[in-house]
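Me: I'm new to this one. Can you walk me through it?
Reply: Sure, here it is.

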Amino acid sequence: MPTDDAPLLRALSGDRPERAPVWFMRQAGRSLPEYRELRVGTRMLDACLNPQLAAEITLQPVRRHGVDAAIFFSDIVVPLRLAGVAVEIEPGRGPVFAEPVRSVAQIDALTAIDPAMVAAAAQPVRDAIALITAELGDTPLIGFAGAPFTLAAYLVEGGPSKEHLRARALMHAEPDAWNRLANWLALIAGEFLGAQVDAGASAVQLFDSWAGSLSPEDYRRFVAPHAHTALAAVRGRVPLIHFGVGTGAILADMRLDGLVDAVGVDWRTPLDAAAEVLGPDVTVQGNIDPALLQAPWPVLEAHVRDVLRRGRHARAHVVNLGHGVPPETDPDVLTRLVRLVHEERG
Ligand code: 1CP
């Protein structure tokens, strides 16, 4: 494969390339004027399912910043839309469901949908990825999916929430129904990952963005087994990255018993401390504080050097932010940051 020697894939396999690979969560999207221009008049999920648009938006940050990977432009709720669930992404808000799924009867109805529907309806995803990989050449494309808990946090609330109270209550109040729901969400996430890998994605990331709102015990009992199911759908085919925010207390659990190749760490846990907890068999990804993208350059530069220094304690390091690019970020700062990482020893 043309991507075989790509720094990202080498780092994910535990190797230390001469310079550390760098990409950014949410590198495609609102921080880029060329994105905002392309999106005028098209709803978010329609853009995700338009192969030409999704391909162009995916490629924009690669051309502009020279990052070491593209991340597929899509959203964590796309597989739900493909399964026939009524969901929209409201500008400035996020995913909103016409009918929140809260009762056991609603969970039974939803989980009666065959997860294979996602793969069957995923042709726009496969078409977009064919266009993307044709242009990317030796730069890898990262596919992704939302993890069952993070998806459930939206589905059970009906939209974005701060504490995800209803989803967390459901796992205790109705543990069997919760496990049916989370297993179904894992299967559709797995189908979505499989479609992306079939079409040419070179690695995948599972976003369990809101897993940090769980106690370690709840994470282990109600959530980790389902994250495992989602990623196991593509195990052995491509490297697996597992990411969450506020996960300091569950980092070791996020290895999913050795299933994953890399764990994404947010800005709260220094990478040397993360490496200590994760051990020698996992690559770390992260963890530049997105807030510092607004700071004067010398402040950001010193922070990035500190992140690189701490990252050397892990077996390998994929440089990223601790969470997504904030929409108000000056894109030139990201370009300069890529150049800085590339000038440093990996
Ligand atoms: O109109 C717009 O431009 C909408 C903004 C937007 C974008 C650009 C949304 C709505 N989703 C996306 C794309 C997206 N979403 C990507 C693609 C590419 C990239 O990273 O460059 C990815 C990986 C996601 C994944 C996603 N969606 C996550 C996990 C990552 C994370 O940030 O933690 C989550 C939680 C979502 C839900 C979502 N979608 C959109 C918004 C605003 C939100 C968050 C809402 C909330 O705060 O709860």
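Reply: Start with Phe243: Phe243 is buried, at a relative accessible area of 0%. Keep in mind that this is a predicted model.

Me: Where does Phe243 sit, and which strand holds Phe207?
Reply: Phe243 is in strand 6 (residues 240-243), and Phe207 is in strand 5 (residues 203-207). The two form a pair, so parts that are 36 residues apart in sequence are tied together.

Me: Is Phe207 buried or exposed?
Reply: Phe207 is buried, with a relative accessible area of 12%. The cut-off for buried is under 20%.

Me: How many aromatic pairs does the structure hold?
Reply: Five. In the pair of Phe207 and Phe243, the ring centres are 5.9 Å apart and the planes stand at 75°. Planes over 60 degrees apart count as edge-to-face, so this pair is edge-to-face.

Me: Which residues do ring pairs link into a cluster?
Reply: Phe144, Phe192, Phe207 and Phe243.

Me: New topic, pockets. What volume does the largest pocket have?
Reply: About 1,200 Å³. Its lining counts 39 residues, and Arg26, Arg30, Met44, Asp75 and Ile89 are the closest to the centre.

Me: Which elements give two or more residues to that lining?
Reply: Two helices and two strands: helix 2 (33-39), helix 9 (148-157), strand 2 (87-90) and strand 3 (94-97). Helix 2 gives the largest share, three residues.

Me: And what classes of residue are in the lining of the largest pocket?
Reply: There are 20 nonpolar residues, 11 polar and eight charged.

Me: What about the ligand? How many residues surround it?
Reply: 25 residues surround the ligand. The closest are Arg26, Tyr35, Tyr154, Ser209 and His323. Arg26 is also among the residues closest to the centre of the largest pocket.

Me: How far is the side chain of Tyr154 from an oxygen atom of the ligand?
Reply: An N or O atom in the Tyr154 side chain is 2.5 Å from a ligand oxygen.

Me: Which atom of the ligand does Asp75 approach?
Reply: A nitrogen atom: a polar side-chain atom of Asp75 lies 2.8 Å from it. Asp75 also belongs to the group closest to the centre of the largest pocket.

Me: And Gln27, is it a backbone or a side-chain atom there?
Reply: Backbone. A polar backbone atom of Gln27 is 3.0 Å from an oxygen atom of the ligand.

Me: Back to pockets. What is the volume of the second largest pocket?
Reply: About 160 Å³. Its lining is Val85, Ala86, Ala98, Glu99, Pro100, Val101, Gln106, Ala109 and Leu110. By class, seven are nonpolar, one is polar and one is charged.

Me: How many cavities of 30 Å³ or more are there?
Reply: One. The largest cavity has a volume of about 30 Å³.

Me: Which residues line the largest cavity?
Reply: Ala11, Asp15, Arg16, Pro17, Ala20, Ala316, His317 and Gly346. That lining has four nonpolar, two polar and two charged residues.

Me: Last one. Where is Arg336?
Reply: In helix 15 (residues 331-343). Arg336 is partly exposed, with a relative accessible area of 42%.

Me: How far apart are Arg336 and Arg126?
Reply: In sequence, 210 residues; in space, 32 Å from C-alpha to C-alpha.

Conventions
Residues numbered from 1 in each chain as written. Predicted model: local features only at pLDDT ≥ 70, side-chain atom pairs only at ≥ 80, totals over all residues. Heavy atoms only, no water. 1 Å grid on protein atoms, 1.4 Å probe; cavity = no way out; pocket = protein on both sides within 12 Å on 5 of 7 lines; lining within 4 Å. Points joined across faces, edges and corners; volume = space filled by probe spheres on them. Helix = DSSP H or I, 4+ residues; strand = E, 2+ residues; numbered from the N terminus. Nonpolar A, V, L, I, M, F, W, Y, C, P; charged D, E, K, R; others polar. Phe/Tyr/Trp six-rings, centres within 6.5 Å; stacked < 30°, edge-to-face > 60°. Buried < 20%, exposed > 50% of the residue type's maximum accessible area, 1.4 Å probe, protein only. Near = heavy atom within 4 Å. Polar contact = N/O pair within 3.5 Å; in protein donor to acceptor, adjacent residues only side chain to side chain.
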